[in-house]
Amino acid sequence: MAMDPPPLFLCPISMELMEDPVTVATGVTYDRRSIERWFFKYGKTTCPATMQRLSSFDLTPNHTLKRVISSWLDRASSSSTADAPAPAPASHVMARDRLPSVLAGIEETPFKATALKNLKSCMAGDEAARDDFVACGGIQVLGRIMTQALAESCAGGDFSAFQTCEEAAAVLAPLPLSDDASMELLLKPECMRPVSVLVQRGSAEARLHAMSMISKISRASVGDWTLEVDVDDMVRALLELLSDGASAKLTSRALDVLLDVTARSRGARRAKAVELGAVHVLVELLLEADRHVAERSLLLLKRICKCPEGRLAFSEHALAVAAVARAVLRVSGLATRLAVNVLWLVACAAAPAERVLDDMVVSGAVAKLLALMQMESSPSTKDKAAKMLRAHGAFWRQYPCFPTDLKDHLKFLN
């Protein structure tokens, strides 16, 4: 069976076997590659293990330790035989025997990002190790680490602290998160606040990990999970992600979570989403959306436009009517139905702004509504189209540029 190296042989930064051990002024030994990165890439002036400020950056080769490590490697190699049973995978050893101490060590070490990378590698593809991780309190530990790292990052702009947050998310994202206990732990502020921040300003990979966790919570939650989190913070993060031009996968996940949030909320929450810029983001998204994104965006606009704040924001956006009208009879049957619903809400649910009626003519929305009346379409869609045409036909007929044949259709409807 393969032997684990003694802790003394491991670099305190990388937690890997040292190849070229060197000692700094405080007497602590590191692998040369790791400590040089600490000093010269990250610009640190302290001893990583003790956090003492160093007066000298001289690195003294530790020849004795290097010889001892070399001797240990020779013995370990000679003790391995071809017919020996295969050693247990590292992930199993980690999960069964060392995980509690490893988790405690991650909280204590100043090199959390590296330790979390190693933990992720040990758990990769191993369901048993993931179960053990949850059972040993791994979610709580990583929640505390993420909270602390986020606070350090915000306080001093420390990139390595934010990287720790990203690495913690990389460990949490592959977990099933399907049981109530895991869900309850993840929904605690110490986990959800950093996850929201990662959605806003994490790397592309970190954003995927954060959205993976949020999506799992959204899909698996039986109750109203939004009661346990800062919904405004979450919606803000999702809207910022959408406005940043995220990847197709991230966009799809963000829209799905927003749909879940708006389905569980009414009134004040939807008005808050409008205040955070939801209408603007969704309209901009519609302009170049594929079918799936267009349908989700239109459904969100429909829900948001059921509140007065949503209709006002929609009417004030210069491209809103044009973006929605573009989807009618162009994207899909579902997109047409949803787009007509949105137009009906802003044109008939309350006294519409004259600008909305102007834009409906200029964008071709009125012509498309008339076309719908002549086509096979759902009764509710036809009914809404007819109501809009009857309510505002007299206004639209005043336009000199409005086609004569369409004016005749409007007269007939009235």
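User: When do two strands count as paired in this predicted model, and what order do the strands of the open sheet have?

Analyst: Two strands pair if DSSP finds at least two bridges between them. The model is predicted. In it, three strands with antiparallel pairing form an open sheet. Their order is β2-β1-β3.

User: Which strands are the edge strands of the sheet?

Analyst: An edge strand pairs on one side only. That applies to the strand at 29-31 and to the strand at 60-61. The edge strands are therefore β2 and β3.

User: Which residue in β3 is the bridge partner of valine 22?

Analyst: Strand β1 covers residues 21-23 and runs antiparallel to β3. Two bridges join β1 to β3. The partner of valine 22 in β3 is proline 61.

User: What angle does the direction of helix α1 make with that of β2?

Analyst: Helix α1, residues 32-41, packs on the sheet and touches β1, β2 and β3. Its direction and that of β2 make an angle of about 95 degrees.

User: Are α10 and α12 roughly parallel or roughly antiparallel?

Analyst: Helix α10 spans residues 204-220 and helix α12 residues 248-263, with axes 10 Å apart. They pack at an angle of about 30 degrees. Angles under 35 degrees count as roughly parallel, so α10 and α12 are roughly parallel.

User: How many residues of the contact of α10 with α12 are charged?

Analyst: On the α10 side the contact includes Arg207, Leu208 and Met211, and on the α12 side Lys249, Arg253 and Asp260 are among the residues met. The residues of this contact divide into seven nonpolar and three polar, and the number charged is four.

Technical notes
Residues are numbered from 1 along each chain as its sequence is written. This is a predicted model: local features need pLDDT of at least 70, side-chain atom pairs count only at pLDDT 80 or more; totals for chains, interfaces and linings use all residues. Side-chain values use heavy atoms; hydrogens and water are left out. Axes are lines fitted to C-alpha atoms, for helices over the stretch in contact, and angles run from 0 to 180 degrees between N-to-C directions. Helices (H or I, at least four residues) and strands (E, at least two) are DSSP runs, numbered from the N terminus. Angles under 35 degrees count as roughly parallel, over 145 as roughly antiparallel, 65 to 115 as roughly perpendicular and the rest as oblique. Contact means heavy atoms within 4.5 Å. Ala, Val, Leu, Ile, Met, Phe, Trp, Tyr, Cys and Pro count as nonpolar, Asp, Glu, Lys and Arg as charged, and the others, Gly among them, as polar.
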